[in-house]
Protein chains: 4
Amino acid sequence: MSRAADMFDTHPGHQEGPDRALILEVIEAAGECAQACTACADACLSEESVDSLVACIRSDLDCADVCAATASVLSRQTATDEAIIRAVVEACRVVCERCGDECERHADMHAHCRVCAEACRRTQRACDALLAAF
Amino acid sequence: MSRAADMFDTHPGHQEGPDRALILEVIEAAGECAQACTACADACLSEESVDSLVACIRSDLDCADVCAATASVLSRQTATDEAIIRAVVEACRVVCERCGDECERHADMHAHCRVCAEACRRTQRACDALLAAF
Amino acid sequence: MSRAADMFDTHPGHQEGPDRALILEVIEAAGECAQACTACADACLSEESVDSLVACIRSDLDCADVCAATASVLSRQTATDEAIIRAVVEACRVVCERCGDECERHADMHAHCRVCAEACRRTQRACDALLAAF
Amino acid sequence: MSRAADMFDTHPGHQEGPDRALILEVIEAAGECAQACTACADACLSEESVDSLVACIRSDLDCADVCAATASVLSRQTATDEAIIRAVVEACRVVCERCGDECERHADMHAHCRVCAEACRRTQRACDALLAAF
């Protein structure tokens, strides 16, 4: 079991149920995606063709910021406000979709864009699944 | 003129127009609000009545995370994707509205909650104004 | 292999060598620790004895901020400045040591503090090992 | 008076004294510098000569991360641990010095690097002054 799952299950207000897996998947996917996007922006900067990767770097940086905020908000279980969760997860879904689209354009040329796109798609799907459960 | 305005105007892709003031106001309001919410969560922790401020601390922490991400995303002007901007500003608007509501409940008792609520309302209005311009 | 390892190895400037494992361990430990500290601060807020956990919440929040920044800085491999890496990893080591100490004080009473302390100790050790390699 | 000063002074544990001004200056300078570095990295991305600005973008991104974490840590006044404050402010001082050096190299060519370097120098000085007071 991951550390995030341990933290989730040791929370005094923690509840079992179908949402547990959906929330944990957003926490883990978004945390991983924030790191992947930070690394992908930096890897793009090291490519000779950095000129052609400007839009990719931009979307990586936005995606890293939003995924990090989303993982933090979802990691909290005290006095949860559903309106906040929905709005944040919806923003995360949109940003991961757009960043995934952008990274996929360069996936054949740059393996870091391929790996990063996979992280974005995982997070996009996790957000979709959680939003569908509301 | 603020440093954020100087940074905005010295960007090579910077454009004049009505959006300049609206975007700058979100950058400055959200940056200030992230700091205020971080400080308010901590001030609540130092109150004797911390038990009654748990929901306020929770919304402060969420609001700080989302405002910081929003200020960063809006600070970028390269290869801007309107779908990302809209989704992020909408999430910021919701979180600031809810955190402003929560802080206002304690504004008569705790001056830090009153000041923080003002920061949330400023950011909520700034997000509303920018969303209306799209 | 983790996504962080995939991102590291697909970077165009990536180098093999003993530092690879040390840097990756800081990235993964600090990313995990940021999440654990965010969750632990929130779990403490939900305890009836929140009054006695105020210092723990404070150190959790500091540790989450510093670990997140550290994971991001270490995730970059372009034009690395060793003075920056050293200073950031040293700060991360100190914060993880102090937060681990604080969480261990509550580990018998609160399982989330025990799990969080483990995450802090892992990151402290990872920072120590990387600092020793400079 | 700034919102950060209002938040500082309404904290229940707030103390008058010479440190008040030194801490507030780090909070305000580092908050401003995080925004300036985020914007400068993005402005560099929009320059035709992005190839020659890769090291500048890298240091901007590191500096933004560390300054944001520093502003958050300093914004807290509850159960403060001096060892944490010192280590974080020292890291911030180093990163601002290096990023200021890098941005100054491009200050004649790019006004955004000049403005960003000023923000880095202000924060470096604020950290120096606070460290000297310990």
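This briefing walks through how the chains are related, how some helices pack, and a few residues worth a look. Keep in mind that the model is predicted. Two copies of a chain are related by a rotation about an axis and a shift along it. Here, a 180-degree rotation puts chain D right on chain C, and a turn of 180 degrees also lays chain A on chain C.

**How the copies relate**

- Chain D superposes on chain C with an RMSD of 0.0 Å, after a rotation of 180 degrees and 0.0 Å of shift along the axis. That's what a two-fold axis does, so you can call it one.
- The copies C and D meet through the same surface, because 100% of the interface residues of chain D are also interface residues in chain C.
- Chain A goes onto chain C in a similar way: turn by 180 degrees, shift by 0.0 Å along the axis, and the RMSD is 0.0 Å. Within chain A, the C-alpha nearest that axis belongs to A:Gly31, and it sits 3.8 Å away.
- For this pair, too, the same surface serves both copies, with 100% of the contact residues of chain A recurring in chain C.

**Helix H4 of chain A against helix H4 of chain B**

- Two packed helices are described by the angle between their axes and the distance between the axes.
- For H4(A) and H4(B), the angle is about 165 degrees and the axes are 9 Å apart. Angles over 145 degrees count as roughly antiparallel, so H4(A) and H4(B) get that label.
- The crossing of H4(A) past H4(B) is left-handed.
- On the chain A side, the contact uses A:Ala83, A:Ile84, A:Ala87, A:Val88, A:Ala91, A:Val94, A:Val95 and A:Arg98. On the chain B side, you'll find B:Ala83, B:Ile84, B:Ala87, B:Val88, B:Ala91, B:Val94, B:Val95 and B:Arg98.
- Sort the residues of this H4(A)–H4(B) contact by class and you get 14 nonpolar, no polar and 2 charged.

**Helices H3 and H5 inside chain C**

- Helix H3 (residues 54-75) and helix H5 (residues 111-133) of chain C have axes that come within 12 Å and cross at roughly 40 degrees. That angle makes H3(C) oblique to H5(C).
- H3(C) passes H5(C) in a left-handed crossing.
- H3(C) brings C:Cys56, C:Asp60, C:Cys63, C:Cys67 and C:Leu74 to the contact, while H5(C) brings C:Cys113, C:Cys116, C:Cys120, C:Thr123 and C:Leu130.
- By class, the contact of H3(C) with H5(C) has 8 nonpolar residues, 1 polar and 1 charged.

**A glutamate tucked away in chain B**

- B:Glu102 is part of helix H4 (residues 82-105) of chain B.
- B:Glu102 counts as buried because its relative accessibility is 13%, and the cut-off for buried is under 20%.
- Leaving out residues up to four places away in sequence, B:Glu102 touches B:Ala55, B:Cys56 and B:Ser59.

**Two alanines with a positive phi**

- Most residues other than glycine have a negative phi.
- A:Ala79 isn't a glycine, yet its phi is positive, at about 50 degrees. You'll find A:Ala79 in the loop between helix H3 (54-74) and helix H4 (82-105) of chain A.
- With a relative accessible area of 43%, A:Ala79 is partly exposed.
- B:Ala79 isn't a glycine either, and its phi is also positive, at about 50 degrees. The loop that holds B:Ala79 runs between helix H3 (54-75) and H4 of chain B.
- B:Ala79 counts as partly exposed, at 42% relative accessibility.

Definitions and conventions: Residues numbered from 1 in each chain as written. Chains lettered and ligands numbered in written order. Predicted model: local features only at pLDDT ≥ 70, side-chain atom pairs only at ≥ 80, totals over all residues. Heavy atoms only, no water. Axes fitted to C-alpha atoms, helices over the stretch in contact; angles between N-to-C directions. Helix = DSSP H or I, 4+ residues; strand = E, 2+ residues; numbered from the N terminus. Parallel < 35°, antiparallel > 145°, perpendicular 65-115°, else oblique. Left-handed = near helix turned anticlockwise from the far one by under 90°. Contact = heavy atoms within 4.5 Å. Nonpolar A, V, L, I, M, F, W, Y, C, P; charged D, E, K, R; others polar. Buried < 20%, exposed > 50% of the residue type's maximum accessible area, 1.4 Å probe, protein only. Least-squares fit on C-alpha atoms with pLDDT ≥ 70 in both.
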